[in-house]
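Dear colleague,

I am passing on the structure below, and would be glad if you could read the notes that follow alongside it.

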Amino acid sequence: MANPVNIALVGMGWWGQKMLAVLQAAPEDIRVVRAVEPNMDAVRDLCASKGIALSADYADALNDPAVEAVVLATPHSMHTAQIAQAVAAGKHIFCEKPLALTKAEAETSVALCRDAGLVLGMGHERRWEPPVAEMLAMADAGTLGRIHQIEANFSHDKFLSLDRNNWRLKADQAPAGGMTATGIHLLDLSVRLLGAAESVLCICEQLSSDLPQGDTVAAFVKFKGGGTSYVSASLANPFMSRFTVYGSKGWIDIRDKAHVEAPDGWIVTSAMAGGPIITREIGKAEPVKDNLVAFARAVRGGPSYPVTADHLVNNIALLEAVFKSALSGRIETVA
């Protein structure tokens, strides 16, 4: 693309800096022209070294005519208001996950962007991991047959070192252990494969840490069109990422060799009906970059962004029910 999309990175913490780093490999698609970070001293030198304007006020990015889109790497509870402000300013939006904490807020954001003709991208980079993209294409083509079940885990212990006052550990931002940090990706892929969810049972426990919202979470999801998904996540054990799909014609098990922060490839084991079990390794890729590039190309009128409005709303509807079930300890209906 000869005409890169000019973006403002809003939130320059751990993940905002990750996105800045990977986007250096996509100068033809995206150009970071502004950064917004309340704690300016923490990233002043970084932004200066890259020639990026820095300020503490989100309004500066919205009022900058050079900024075509904002990338929100901000606390979850801020997303709905920040998206509304961006839409009012005519900016396209890429939002880190989760989009919102309630279905109603997700519906509001999706409708605002749709009605304004603006692209709404989502930080579900797992879809851009090469083996996951391949699995989704096989499922869409019917190669795996009827999808019966999904089993998935995405765990890490990176948050054990966080100050316990960090927003990522707060009840109003992350009320069910690691579900908003990692489990949300697995819910997204489950919704992508099986459609809208019907009900969920979630158990969240504090087993081996002092993480205030729990360190171990598991959710068992039943889908309206049939099929189930078991999603689990721990914030207190070493890194693990696994996504397994079982279908009537075949199954695929995908395991990341490293966290997406520094991806190192994947180990894929699979079998088709009547065939042998096959294990293969897939080399490194940078799905965070590829997701942002897909967003930029959609902004420029290229292929439609693949995380659809229905996917976005159905995922947050399920997430909201997960929160309810974690509190009640009962099966909760998905709105």
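In what order do the 9 strands of the open sheet lie? The order is 14-13-12-11-7-10-9-8-15, with mixed pairing, where two strands count as paired if DSSP finds at least two bridges between them, and where helices (H or I, at least four residues) and strands (E, at least two) are DSSP runs numbered from the N terminus. Strand 14 (278-282) and strand 15 (332-333) are the edges, and because each has a single partner strand, one side of each is left without a neighbour in the sheet. Strand 14 runs antiparallel to strand 13 (residues 266-272), the two being joined by 5 bridges, and Glu281 of strand 14 is the bridge partner of Ile267.

Please bear in mind that this is a predicted model, in which local features need pLDDT of at least 70 and side-chain atom pairs count only at pLDDT 80 or more, while totals for chains, interfaces and linings use all residues. Residues are numbered from 1 along each chain as its sequence is written, and side-chain values use heavy atoms, with hydrogens and water left out.

As for the interior, the largest nonpolar core (buried Ala, Val, Leu, Ile, Met, Phe, Trp, Tyr and Cys residues joined through side-chain atoms within 4.5 Å, buried meaning under 20% relative accessible area with a 1.4 Å probe, protein chains only) has 99 residues. Helix 9 gives the largest share of this core, 9 residues. Leu99, one of the residues with the most contacts inside the core, touches Leu312 and Ile316, among others (heavy atoms within 4.5 Å), not counting residues up to four places away in sequence.

Best regards

How values were computed:
Buried means under 20% relative accessible area, exposed over 50%, partly exposed in between (1.4 Å probe, protein chains only).
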